[in-house]
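Dear colleague,

I am handing over the structure we spoke about, and below it I have written down what was found when its strands, helices and loops were examined. Please read the notes with the coordinates open beside you.

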Amino acid sequence: MIWDTHAHLDDSQFNADREKVIERARQGEVTTIINIGASESTSRQSVNLAQKYPFIYATVGVHPHYAKDCSDETWARLSRLAQNPKVVAWGEIGLDYYRDLSPRDVQRKVFIRQLELADEMGLPVVIHDRDAHGDILEIIKKHTPQAGGVFHSYSGSWEMAKELLSLGFYLSFSGPLTFKNNRKTAEVAANVPEDRFVVETDCPYLTPEPYRGKRNEPLYAWQVLNKIAELKGLSPEETASLAVENSKRLFGITK
Ligand SMILES: [Zn+2]
C-alpha cells in the first residue's frame, strides 16, 4: 500500500465521479490521501473532505497564484480552520514565477507570512516552487519551520536538493518523474536518501505515463512509486513501505 500525499480531489474535474475515484484508490491500495488547500475556499473544501472520510487528511494554505487576494482576515480564518485535528500541514504555499498570477513581491510577502503561521501552529509546510528556486531557497533558509516540510512535485536540481535535505526537508515526486526526457528529476529521485522521499499525484494535474493526457487520480500514484523503485534499484514493496513511513513522519500521522 501507498499514500497519495498531494491531491486536489475538491477540484471540479471530480464533481461527476469523486466517490468512484476515491473508491478506486482504496481498492488499488492507495490507502491514505492528503488533500491540499490552495486558497481559502479550497482549504475549507479539503477540511470538509477530511471530515467525511477517515483516510483523507487536509492541509490549509494559499497558493502563490492567489497571494494578491490575501488579507489579515484570511490568516485569521485559515488559522482557525487549521486547528481541525484532520489538518496535517500548511500549504500549498511558495512562489510561482512561471505564471506570475500575483506580483512577485506580494508572493514573497505572503509566502513568508504563511511560513510564520505554520511555525506558530507547529505544522509542517507543503511548498510549491515553479521557476523560483533561488528566491525560495533564500527565504526558506531564514524561515525554516520547526516541523519542516516537503517540496511538492520537486523540479529543481540535485544541487538544490542537497541544500533542502540539509535543512531537513522532504522531496515529493509526481507524474513528471515518469516522463522519458526528465533526466534532472530522475537524478534527484535516484540520489534522495531513503528516509526523505514521498509520493504524490497532484491530481487532477501532472498525469504520469502511460496515462498522460488524461485526468490524473490518486490511484496513479503507483506509476510514480514504481519509477522511484526502478531508479533506486529497490523492489516496489520496499519502496512503498519506505514512502509510507516517510509520509507518516513528515505529517506526524501515527496510525
Ligand atoms: Zn497542488
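Strand β3 (residues 56–60) and strand β4 (residues 87–96) run parallel to each other and are joined by 3 bridges. Please keep in mind throughout that this is a predicted model. Within that pairing, T59 has A89 of β4 as its bridge partner, while A58 stands opposite V87 in β4. On its other pairing, β3 meets β2, again in the parallel sense and over 3 bridges, and here A58 of β3 is the bridge partner of N35. A58 therefore appears in both pairings, with V87 as its counterpart in β4 and N35 as its partner in the contact of β2 with β3.Strand β4 also pairs with strand β5 (residues 125–130), in the parallel sense and over 6 bridges, and in that pairing I93 has I127 of β5 as its bridge partner.

These pairings belong to an open sheet of 8 strands, which follow the order β1-β2-β3-β4-β5-β6-β7-β8 with parallel pairing. The edge strands are β1 (2–7) and β8 (197–199), each of which pairs on one side only. Averaged over the sheet and with direction ignored, neighbouring strands are turned by 30° against each other.

How is β3 placed with respect to burial, and are its faces covered or open? Of its 5 residues, 5 are buried, and both faces are covered, since I56, A58 and V60 on one side are buried, as are Y57 and T59 on the other. Strand β4 is likewise mostly covered, with 9 of its 10 residues buried.

Turning to the helices, helix α2 (residues 40–52) packs on the sheet, where it touches β2 (30–35), β3 and β4, and its direction makes about 160° with that of β3. Helix α2 also packs against helix α3 (residues 72–81), at an angle of about 10° and with the two axes 11 Å apart. Angles under 35 degrees count as roughly parallel, and α2 and α3 are therefore roughly parallel to each other. The residues that meet in this contact are E40, S43, R44 and V47 from α2 and T74, R77, L78 and L81 from α3. Sorted by class, the contact comprises 3 nonpolar, 2 polar and 3 charged residues.

The largest nonpolar core has 70 residues, and those that touch the most other members are I2, W90, L171, F173, V199, A221 and L225. Strand β4 gives the most to this core, with 6 residues. For A221, if residues up to four places away in sequence are not counted, the residues touched are I2, D4, V30, V199, E200 and T201.

Some points of backbone geometry may deserve your attention when you look through the loops. Which peptide bonds are cis in the loop between β8 and α8? One of them joins C203 and P204, with omega about 10°, and P204 lies in the loop between β8 and α8 (221–232). Another is the peptide bond from E209 to P210, which is cis with omega near 0°, and P210 is placed in the loop between β8 and α8 as well.

There are also positive phi values in residues other than glycine. E29 has a phi near 70° and is found in the loop between α1 (18–27) and β2. A residue counts as exposed if 12 or fewer other C-beta atoms lie within 10 Å of its own, and E29, with 12 other C-beta atoms within 10 Å, is therefore exposed. D131 is not a glycine either, and its phi is positive at about 55°; its place is in the loop between β5 and α5 (133–142). With 14 other C-beta atoms within 10 Å, D131 is partly exposed.

With best regards

Note on methods. Residues are numbered from 1 along each chain as its sequence is written. This is a predicted model: local features need pLDDT of at least 70, side-chain atom pairs count only at pLDDT 80 or more; totals for chains, interfaces and linings use all residues. Two strands pair if DSSP finds at least two bridges between them. Helices (H or I, at least four residues) and strands (E, at least two) are DSSP runs, numbered from the N terminus. Axes are lines fitted to C-alpha atoms, for helices over the stretch in contact, and angles run from 0 to 180 degrees between N-to-C directions. Two residues are in contact if their C-beta atoms, placed from the backbone, lie within 7 Å. Angles under 35 degrees count as roughly parallel, over 145 as roughly antiparallel, 65 to 115 as roughly perpendicular and the rest as oblique. Ala, Val, Leu, Ile, Met, Phe, Trp, Tyr, Cys and Pro count as nonpolar, Asp, Glu, Lys and Arg as charged, and the others, Gly among them, as polar. A nonpolar core is a set of buried Ala, Val, Leu, Ile, Met, Phe, Trp, Tyr and Cys residues joined through C-beta atoms within 7 Å. A residue is buried if 20 or more other C-beta atoms lie within 10 Å of its own, exposed if 12 or fewer, and partly exposed in between; C-beta atoms are placed from the backbone.
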